[in-house]
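Hi everyone, thanks for making time for this. I'll walk you through one structure, from the whole chain down to a pair of rings. Have a look at it first, and then we'll talk.

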Amino acid sequence: MRHLRHRYRYTTTTTIMAAHIVPTPVLPPLPAVGRHTVLLVGDSITERGGEVLPEEGTGWALQLASTYARRADVLNRGYSGYSTRFLRAMLPAVIPPPEAAPRHLFATIFLGANDSAGWDEAVERAPAQHVPLPEFRDNLAALIAAAAGAAAAVFVLSPPPVDTARWSSRSNAAVTAYTAAVAEVVRAAAAGSGVVPVTHIDLYAGMTAAVAAAGTVEAGAPPGWHAYLSDGLHLSPAGNTFVLRALQAAIAGAAPWAVPDALTIDFPRWDDVPNESAAVAAAALSPAALAELRAVPRPRFRAAVAAVAEAVVAE
């Protein structure tokens, strides 16, 4: 089997990010049988991202899980109403240290919508959820540091626009202030994270820019970004799709080794498994064969299955 190991092994040594060349992180090791994992940490926008709701459609996290079917299990750790203060207190449970759990393929942190509630003096106070900006920065830095220790890449999403008319303690002035804090914390984290890419996904800027690019809104109509929201805060079907695509673009740019097409499935598809005999089928599904197949780029997967099975049986 040695010829297969060298023939089909593929590696990358560098990742280009923001005009800097950094070493590509070592991917988390896989068990003899199993998949990579992806960790999503956040508030209700993450929790509801794993659901199918009448006004929101299929959540972005559920859509993401579908793209990684049979390649990575997506773990949703979204908690409705929670802030960075709460999540930081939950760190050992929500983001276990690397020695306590297998390393994740990547992690997302999507917080700030609740922390920023009541920040703007022009809106209602929100003492049950508000977290002041200085503490928000510290909490977020701690969460990113934990995620960078537990995952091969980290993506930090800042909140989308919000409709104050429907959420009286929220405002876009607060969203932009907390988004600026996210950008600041991510820059510092990225500079000190070594080989782990840490990337900021600015949803407020992305959604408002997409609306501006689409053209003007009729006089008297709500801002175009309202189409991305179901209730003025949570995502609509269009908003869930926007978040999914923004995350996919960020993964492709910062961690191309983590896109679905760069991963092999955990077991061959049924019609790729030789069925001439029980011994041949068992060989194609053995831990040794699977270890070889996981090093094979997906376009070569079918041909490699038969070759590995033949080599295992021959031994």
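Okay, let's begin with contacts. If we take contacts in the protein chain between residues at least 6 apart in sequence, 77% of them join residues at least 24 apart. Keep in mind that what you're looking at is a predicted model.

Now the overall picture. The protein chain has twelve helices and nine strands. It runs to 315 residues, and 49% of those count as buried. As for the outside, the chain exposes about 14,400 Å², with carbon and sulfur atoms supplying 59% of that.

Let's zoom in on one helix, α6, which covers residues 133–150. How far apart are its end C-alpha atoms? Well, at 1.5 Å a residue, its 18 residues should span 26 Å, and the end C-alpha atoms are indeed 26 Å apart, so the two agree.

Which residues of α6 are buried? Among them are Leu133, Phe136, Asn139, Leu140 and Ile144, along with alanines such as Ala142 and Ala147. And what do the buried residues of α6 pack against? On the helix side, there's α4 (84–89), α5 (91–94) and α7 (172–192). On the strand side, there's β7 (106–110), β8 (154–158) and β9 (198–202).

Next, the loop between β7 and α6. Alanine 122 sits in that loop. Is alanine 122 buried or exposed? Its relative accessibility is 70%, and the cut-off for exposed is over 50%, so alanine 122 counts as exposed. Its C-alpha atom is separated by 9.5 Å from that of serine 168, although the two residues are 46 apart along the chain.

Last topic: the aromatic rings. You describe a pair of aromatic rings by the distance of the centres and the angle of the planes. This structure holds eight aromatic pairs. Take tryptophan 119 and tyrosine 178: their ring centres are 6.3 Å apart and their planes are at 85°, so we call this pair edge-to-face. Tryptophan 119 is in the loop between β7 and α6, while tyrosine 178 is in helix α7, so the pair ties together parts that are 59 residues apart in sequence.

How do those two partners sit? Tryptophan 119 is partly exposed, at 33% relative accessible area. Tyrosine 178, at 0% relative accessibility, counts as buried.

One more thing about rings: Tyr68, Phe106 and Phe155 are linked by ring pairs into a cluster. That's it from me, thanks for listening!

How values were computed. Residues are numbered from 1 along each chain as its sequence is written. This is a predicted model: local features need pLDDT of at least 70, side-chain atom pairs count only at pLDDT 80 or more; totals for chains, interfaces and linings use all residues. Side-chain values use heavy atoms; hydrogens and water are left out. Helices (H or I, at least four residues) and strands (E, at least two) are DSSP runs, numbered from the N terminus. The expected span of a helix is 1.5 Å times one less than its number of residues. Buried means under 20% relative accessible area, exposed over 50%, partly exposed in between (1.4 Å probe, protein chains only). Contact means heavy atoms within 4.5 Å. Rings of Phe, Tyr and Trp (its six-membered ring) pair if their centres lie within 6.5 Å; planes under 30 degrees apart count as stacked, over 60 as edge-to-face and the rest as tilted. Accessible areas come from the Shrake-Rupley method with a 1.4 Å probe; for residues, only the protein chains shown count as cover.
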